[in-house]
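Got the viewer open? Keep the selection box handy, and we'll go from stop to stop through this model.

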Amino acid sequence: MSQNPSSSRSPVSSKEEEVKMLVTPKIASEWLAIANVDNRNLRAPKVQDLARVMLRDRFKYNGDAVRFDRDGRLLDGQHRLGAIVESGCSQTMLVVFGLDPDVWPTIDIGTKRTAGDALTREKVGNGKGVAATCKLVVDLLAIESGQMSFTNLGRIGRTPDAIVEWWKEDLGRAEHITECVRAVGAFKEGKRICRPPALFSALRWRIGCVDRAEADAFFDLLAKGVGFSGPNDPTSMLRNFLIDDQLSKGRGRRPPWYLAAVTFKCWNARRRDKPVRHLAFRTQGRPESWPVPV
């Protein structure tokens, strides 16, 4: 393997060669402009996640290669190169030139390490559940700040490094999320209601940011189904709605964003001591604003 600290070079190569080199934003931009042909579209959230990791100096050289075939076509690495451009941070990378074009279908088919794997390695209990919850929490915060449409809840890819970095940013937040995952997982009566568990762990966390003790009481009541004030009690209405949704099949099931919206609406009605006679989240005609827990 040759060393090439920072000089640019054409991705076209008639011979196979591995080069450990410093890829600058200028080099990455040039390669993306001339060599990124017939690849999947760049996923902006993934580029932004990697860019944040680079800006915090958390992106580490690990031997994963950026790959080009002999014709100079980029086979692997477009999101890493895009993140270098986005962040403006040069990175030392292994770059392989001159591969046979026929190897492209064999690239990136192995089992990827997930955010759950990464958190488990950090000694986080139920790392898979916590990681899934963290992704949804990040989405909920992005929805509230206007950075993301609520219909994309749970649909945006987040890199394992980005989730671990976000997890480490705030120890108190991390502990609260862990408590919510544990509490939802411990539901016996509510297992068939609070599903998927990662979504309801995230909702419990967000509502708990308003009033943790009251949030615990709200979700306990939702799970157990006893102690309602009457048939129009918001929590009773939500419980019946979620049971009906779980009994639905196929296209009859509500998407995660809808379940989140009606949960927040019921929480807000409970806080304001208002009964709920019809539970819905209107997106057509005169659409409702996203309900922020109060």
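A word on naming before we start: a helix here is a DSSP run of H or I at least four residues long, and helices are numbered from the N terminus. With that in hand, select threonine 263, which lies in helix α11. Keep in mind throughout that you're looking at a predicted model.

**Stop 1: threonine 263**

Is threonine 263 buried or exposed? Buried means under 20% relative accessible area, and threonine 263 comes in at 0%, so it counts as buried. Now show what surrounds this residue. Leaving aside neighbours within four places in sequence, threonine 263 is in contact with Phe200, Leu203, Ile207, Phe218, Phe219 and Leu238.

While you're on this helix, α11 (256–271), click on cysteine 266 as well. Cysteine 266 is buried because its relative accessibility is 1%.

**Stop 2: helix α9**

Two of the contacts of threonine 263 were Phe218 and Phe219; both are among the buried residues of α9. Select residues 212–224 to get the whole helix. Try the distance tool on the end C-alpha atoms: they are 18 Å apart, and the 13 residues at 1.5 Å a residue should span 18 Å, so the two agree.

Which residues of α9 are buried? Colour Ala215, Phe218, Phe219, Leu221, Leu222 and Ala223. In an α-helix there are 3.6 residues a turn, so residues three or four places apart point the same way. The buried residues of α9 pack against α8 (197–208), α10 (234–247) and α11, so turn those three on too.

**Stop 3: the loop after α9**

Move on to valine 226, in the loop between α9 and α10. Valine 226 counts as exposed because its relative accessibility is 57%, and the exposed class starts over 50%. Draw a line from valine 226 to serine 236: the two are 10 residues apart along the chain, with 8.8 Å between their C-alpha atoms.

**Stop 4: past the end of α11**

Follow the chain into the segment after α11, where you'll find aspartate 273. Aspartate 273 has a positive phi of about 55°, although it isn't a glycine. Aspartate 273 is exposed, since its relative accessible area is 70%.

Proline 275 sits in this segment after α11 as well. At 46% relative accessibility, proline 275 counts as partly exposed. Now add glycine 230 to the selection: proline 275 and glycine 230 are 45 residues apart in sequence, but their C-alpha atoms are 8.9 Å apart in space.

**Stop 5: two backbone details**

Next, zoom in on the peptide bond between arginine 195 and proline 196. This bond is cis, with omega about 0°. Proline 196 is in the loop between α7 (171–186) and α8.

Then jump to asparagine 126, in the loop between α4 (115–121) and α5. Asparagine 126 is not a glycine, yet it has a positive phi of about 50°.

**Stop 6: the cysteines**

How many disulfides are there? The count comes to zero. Check cysteine 209: its nearest cysteine sulfur belongs to cysteine 180 and is 8.0 Å away, and cysteine 209 is in no disulfide. Cysteine 209 counts as partly exposed because its relative accessibility is 42%. Back at cysteine 266, the nearest cysteine sulfur is that of cysteine 194, 12 Å away, and cysteine 266 is in no disulfide either.

**Stop 7: the second largest pocket**

Select Asp49, Arg52, Val138, Gln147 and Arg158 together. Of the 20 residues that line the second largest pocket, these lie nearest its centre. The pocket holds about 420 Å³ of space.

Which elements give two or more residues to this lining? They are α2 (44–55), α5 (127–144) and α6 (160–169). Of the contributors, α2 gives the most, with six residues. Colour the lining by class and you should get 11 nonpolar, three polar and six charged residues.

**Last stop: zoom out**

Reset the view to take in the protein chain, with its 11 helices and five strands. The C-alpha atoms fill a box of roughly 75 × 40 × 30 Å along the principal axes. Of the 294 residues, 45% count as buried. Among contacts with a separation of 6 or more, 66% are between residues 24 or more positions apart.

Terms used
Residues are numbered from 1 along each chain as its sequence is written. This is a predicted model: local features need pLDDT of at least 70, side-chain atom pairs count only at pLDDT 80 or more; totals for chains, interfaces and linings use all residues. Side-chain values use heavy atoms; hydrogens and water are left out. Buried means under 20% relative accessible area, exposed over 50%, partly exposed in between (1.4 Å probe, protein chains only). A disulfide is a pair of cysteine sulfur atoms within 2.5 Å. On a 1 Å grid over the protein atoms alone, a cavity is a set of points where a 1.4 Å probe fits but cannot get out, and a pocket is an open set with protein on both sides within 12 Å along at least five of seven lines; lining residues have an atom within 4 Å of a point. Grid points are joined across faces, edges and corners, and a volume is the space filled by probe spheres set on the points. Ala, Val, Leu, Ile, Met, Phe, Trp, Tyr, Cys and Pro count as nonpolar, Asp, Glu, Lys and Arg as charged, and the others, Gly among them, as polar. The expected span of a helix is 1.5 Å times one less than its number of residues. Contact means heavy atoms within 4.5 Å.
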